[in-house]
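User: I would like to learn how the packing of helices is read from a model. Could you take me through a case?

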Amino acid sequence: MTAPDPETLGRRAEAMILELGRISAEPDRLVRRFLSPEHRRAADLVAQWMRAAGLAVSEDALGTVKGSRGEGPRLLIGSHIDSVVDGGHYDGPLGVVAGILAASHFADRPLPFGIDVLAFGDEEGSRFPATLASSSACAGIFRPDTLLLADAGGVTLADAIRAYGKNPEDIPSASYRRGSAAAYVEVHIEQGPVLESRRQPLGSVTAIIGQTYLLVETTGEAGHAGTVPMPLRRDALAGAAEAVLLAERLASDTRGELVATVGRLAAEPGAANVIPGRVTLTVDVRSGSDRQRAEFVQRFNAGCRDIAGRRNIAIGVTPTREVATTPCHPSLQDAIAVAIASVGSEAVRLGSGAGHDGQAMAKLCPIGMMFVRCRGGVSHNPLEYASPQDMGLAVAALIRFIERFKPV
Ligand SMILES: [Zn+2]
């Protein structure tokens, strides 16, 4: 069999991704929502590519396109074809295209395991207030109450499934049988600047890192900006400002292992001449270590108690969402690193700060992810870009991975 040629693979990957990128709900920007007419067109194009690659195509109740070959335990290779509003071309489609090109490379050769290339339709959650519905169904962890969620137009997920020509009652049959899936592997753009800063095209992902969201409310006393002397003030915003800097300092002290972001802050009453009486802010905390996030929350709480005491205000910290870290399987991490090295690159090990379908698939089988450098670390943005050279290396490395893959 011929060796994979990264240059040709990269050119083909780029052409396919750009073709998929032309399928959008809006002429001037990329908008591809779950179970929309654009999802249908994208799924049809993907199915056509899968057939051309020698794969047998099927579709489940949530519109996930599956291209299958071979018998035996399944190696699942996938990603998603939905987009955020005004998204980029590479986030999602690269993983689907890489899977199809890699499978096509083995078209005339038997393998000791089967391959299913999966194109999920709901990773971004840009239509319904939930994410990972498609991969959750495949993993057998789809929650039926998700069907009641409605989009901005009031259409429930159940109705959208019917309008797409599917039946919500068929969702359980989308699930893989326990033990039938040997591994799930996904190629994805990094969506961050680490590979670019290391001047390396590819990385092996160690974990999809967990997230903790905190809602912080500081309560002081609103007052006249002219009449209340400084020592008598109970300024909720000045206290909140200290809490913001506390979060930044605690995260910085971890030297890159944990990141914390205050992305929203609202002061009340919000008038230029009134001392703020109440402030709400959010803290988004991410780290590959669940223990480290818990420690952050503990220290942040203690620091807030101190701020509140000194300023005679109240600070309430409420965790509103907790997503545990999903580790990539050590043997898949290593196998992906070996595959990357075999195409002549240095395999950078890095965590994923963004969520992925692997978080759901990990409930079914071991997962592994390969990251591809993207320009400026930019994603969820039309400027998102991965070079054909890097994508070609990624597909070549995926082919090497498949050649060596042994189901456990
Ligand atoms: Zn993605």
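Analyst: What follows is a short dialogue on helix packing. This is a predicted model in which local features need pLDDT of at least 70 and side-chain atom pairs count only at pLDDT 80 or more, while totals for chains, interfaces and linings use all residues. Residues are numbered from 1 along each chain as its sequence is written, and side-chain values use heavy atoms, with hydrogens and water left out.

User: At what angle do helix 1 and helix 11 cross?

Analyst: Two packed helices are described by the angle between their axes and the distance between the axes. Here the axes of helix 1 (residues 6-21) and helix 11 (residues 388-404) come within 7 Å and cross at roughly 110°, the axes being lines fitted to C-alpha atoms over the stretch in contact, with angles from 0 to 180 degrees between N-to-C directions. Helix 1 and helix 11 are therefore roughly perpendicular (65 to 115 degrees).

User: Which residues of helix 1 meet helix 11?

Analyst: In helix 1 they are Pro-6, Leu-9, Gly-10, Arg-11, Ala-13, Glu-14 and Ile-17, where contact means heavy atoms within 4.5 Å.

User: Is helix 11 largely enclosed or open?

Analyst: Helix 11 is largely enclosed by the rest of the structure, because 13 of its 17 residues are buried (under 20% relative accessible area, 1.4 Å probe, protein chains only).

User: How far apart are the axes of helix 1 and helix 3?

Analyst: The axes of helix 1 and helix 3 (residues 93-105) are 10 Å apart, and the two helices pack at an angle of about 135°. That makes helix 1 oblique to helix 3, oblique being what remains after under 35 (roughly parallel), over 145 (roughly antiparallel) and the perpendicular range.

How values were computed:
Helices (H or I, at least four residues) and strands (E, at least two) are DSSP runs, numbered from the N terminus. Buried means under 20% relative accessible area, exposed over 50%, partly exposed in between (1.4 Å probe, protein chains only).
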